[in-house]
Amino acid sequence: MNKISYKSAGVDIDEGNKAVSLIKDKVKSTYDNNVLGDLGNFGGLYSLKEFINMKEPVLVSSTDGVGTKLKLAQMTGIHHTIGIDLVAMCVNDLLCQGARPLFFLDYIATGKLDANKVDEIVSGIATGCKLSGCALIGGETAEMPGMYSDDEYDLAGFSVGICDKENIIDGKKVKEGDVIIGISSSGIHSNGYSLVRKIFIDHMKMELDKYIEELGQTLGEALLRPTKIYVSLVNNLLRNYEIKAIAHITGGGLVENIPRVIPNGLSCKIQKDSWDKVDIFSLIESFNLVEEDELYRSFNMGIGLVLVVDKDEAESILNDINKEDRGFIIGEIVKGKEGVILC
């Protein structure tokens, strides 16, 4: 009888070693002076010496994935941007407490390890880390035959940031009359993709490789636009202004996420025509398949991050945002218990 091996059971250690070899330089390219040790250690090491002068340093953590957007990456064979989404979903959440991202860890699980595909995925993760100024100090790639099909993979990310306790943003200072500023999204980001597939693939029967005039690219490329990372922009604003609250517009859209960062007894009055729609949302609306309320609860609708600021500083903040990105005054804080009022 022939002896069996780990490889015959579906796990190829040599392919795993090849993947590590391919990604090593990309991972190291994210390192800063605070990273200790090297790739391959059992734990990632990060020095906090740079922050020793903080009065009371607080670590802030976030973990997330990219949901069923992964299905589209696997259907199109486009794997080099999904890692940017993974980083964005974590570091943008850290911003909501005013934290500066420090380091990132990733987890990749797949049915059959393909070193080149892992290299593409990690390339995106490294890009996201560099865009957010954090170091990719560790991760895990798991080959799991029987759990996933050969072409399937799943991603998870974990990030840690730091903030001085006195500078934590918690929304407690938000008051009636404050202004709500929305910063544009790049597209759908990483939420609502089960509905996206239902709309475009199941109902409209559209091919992902079809060029769409309104989008200026193929449908697959438009749907896989990476989530925007707001770290650099927001860090610059925090150095110059008091930002009272920040909401990352993820699952639940504007309707569910803004109320998470404002005190009880206050509502957000949002003017729906106050910002420019991203082309993909205009296309979805043109199909008339989904009720408007459902759209605003499922998608970001063109606003990826929301800031609540004092009325007197709103114009100055908006001007600074528009030097780097696109921002809009989209509403105000009012008395009430309705959460978000869409007008």
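This is a short group-meeting talk that walks through one predicted protein model, from its overall build down to a few single residues.

Hi everyone, and thanks for coming. Please keep in mind throughout that the model on the screen is a prediction.

Let's start with the whole chain. How many helices and strands are in the protein? There are 11 helices and 14 strands. If you draw a box around the C-alpha atoms along the principal axes, that box is roughly 80 × 55 × 35 Å. The radius of gyration is 21 Å, and a compact globule with 343 residues would have one near 20 Å, so the two agree. Of those 343 residues, 51% are buried. The accessible surface of the protein comes to about 16,400 Å², and carbon and sulfur atoms account for 48% of that.

Here is a number I like. Take the contacts in the protein with a separation of 6 or more: 85% of them join residues 24 or more positions apart.

Now the domains. The protein is divided into domain 1, residues 6-167, and domain 2, residues 178-342. Their centres, taken over C-alpha atoms, are 25 Å apart. How many residues of domain 1 are in contact with domain 2? The count is 26 residues of domain 1, and they touch 26 residues of domain 2.

UniProt has something to say here too, in an unreviewed entry. For residues 58-162 it lists "domain: PurM-like N-terminal". In the model, that span is 38% helix and 35% strand, and its end C-alpha atoms lie 6 Å apart. For residues 175-340, the UniProt annotation, again from an unreviewed entry, reads "domain: PurM-like C-terminal". That stretch is 35% helix and 22% strand, with 15 Å between its end C-alpha atoms.

Let's look inside. A bit of background first: in soluble globular proteins, nonpolar side chains tend to be buried together. In our model, the largest nonpolar core has 93 residues, and Phe200, Leu223 and Leu307 have the most contacts inside it. Which helix gives the most to this core? Helix 3, residues 82-95, does, with eight residues. Domain 1 and domain 2 both contribute residues to the core, so it lies between them. Apart from it there is another core, of nine residues, including Tyr46, Phe51, Leu102 and Ile137.

Let's zoom in on Phe200. Leaving aside neighbours within four places in sequence, Phe200 is in contact with Lys205, Met206, Leu219, Leu223, Ile280, Leu283, Ile284 and Phe287. You have met one of those partners already: Leu223 was also on the list of residues with the most contacts inside the core.

Another partner of Phe200 is Lys205. Lys205 lies in the loop between helix 5 and strand 8, which covers residues 211-212. Is Lys205 buried or exposed? Its relative accessibility is 61%, and the cut-off for exposed is over 50%, so Lys205 counts as exposed. Lys205 also has a positive phi of about 55 degrees, although it is not a glycine.

There is another lysine to visit, Lys228. You will find Lys228 in the loop between helix 6, residues 219-223, and helix 7, residues 231-240. Is Lys228 buried or exposed? Buried means under 20% relative accessible area, and Lys228 has 18%, so it is buried. Beyond its neighbours within four places in sequence, Lys228 is in contact with Ala88, Asn92, Ser184, Ser185, Ser186, His189 and Asp325.

Let's follow that list to His189. This residue is in the loop between strand 7, residues 179-184, and helix 5, residues 193-203. His189 is buried, with a relative accessible area of 2%. Its phi is near 65 degrees, a positive value in a residue other than glycine.

My last stop is Ile78, in the loop between helix 2, residues 69-76, and helix 3. Ile78 is partly exposed, with a relative accessible area of 22%. Which residues is Ile78 in contact with, leaving aside neighbours within four places in sequence? They are Ala73, Glu221 and Leu224. Ile78 and Gly220 are 142 residues apart along the chain, and their C-alpha atoms are separated by 8.7 Å.

So, if you take one picture home, let it be this: two domains, with the largest nonpolar core lying between them. Thanks for listening!

Notes:
Residues numbered from 1 in each chain as written. Predicted model: local features only at pLDDT ≥ 70, side-chain atom pairs only at ≥ 80, totals over all residues. Heavy atoms only, no water. Core = buried A, V, L, I, M, F, W, Y, C linked by side-chain atoms within 4.5 Å. Buried < 20%, exposed > 50% of the residue type's maximum accessible area, 1.4 Å probe, protein only. Helix = DSSP H or I, 4+ residues; strand = E, 2+ residues; numbered from the N terminus. Domains from an automatic or database assignment. Contact = heavy atoms within 4.5 Å. Rg over C-alpha atoms; globule rule 2.2 N^0.38 Å. Areas by Shrake-Rupley, 256 points an atom, 1.4 Å probe, with all protein chains shown as cover. UniProt positions renumbered as here; feature names shortened; annotations may be inferred.
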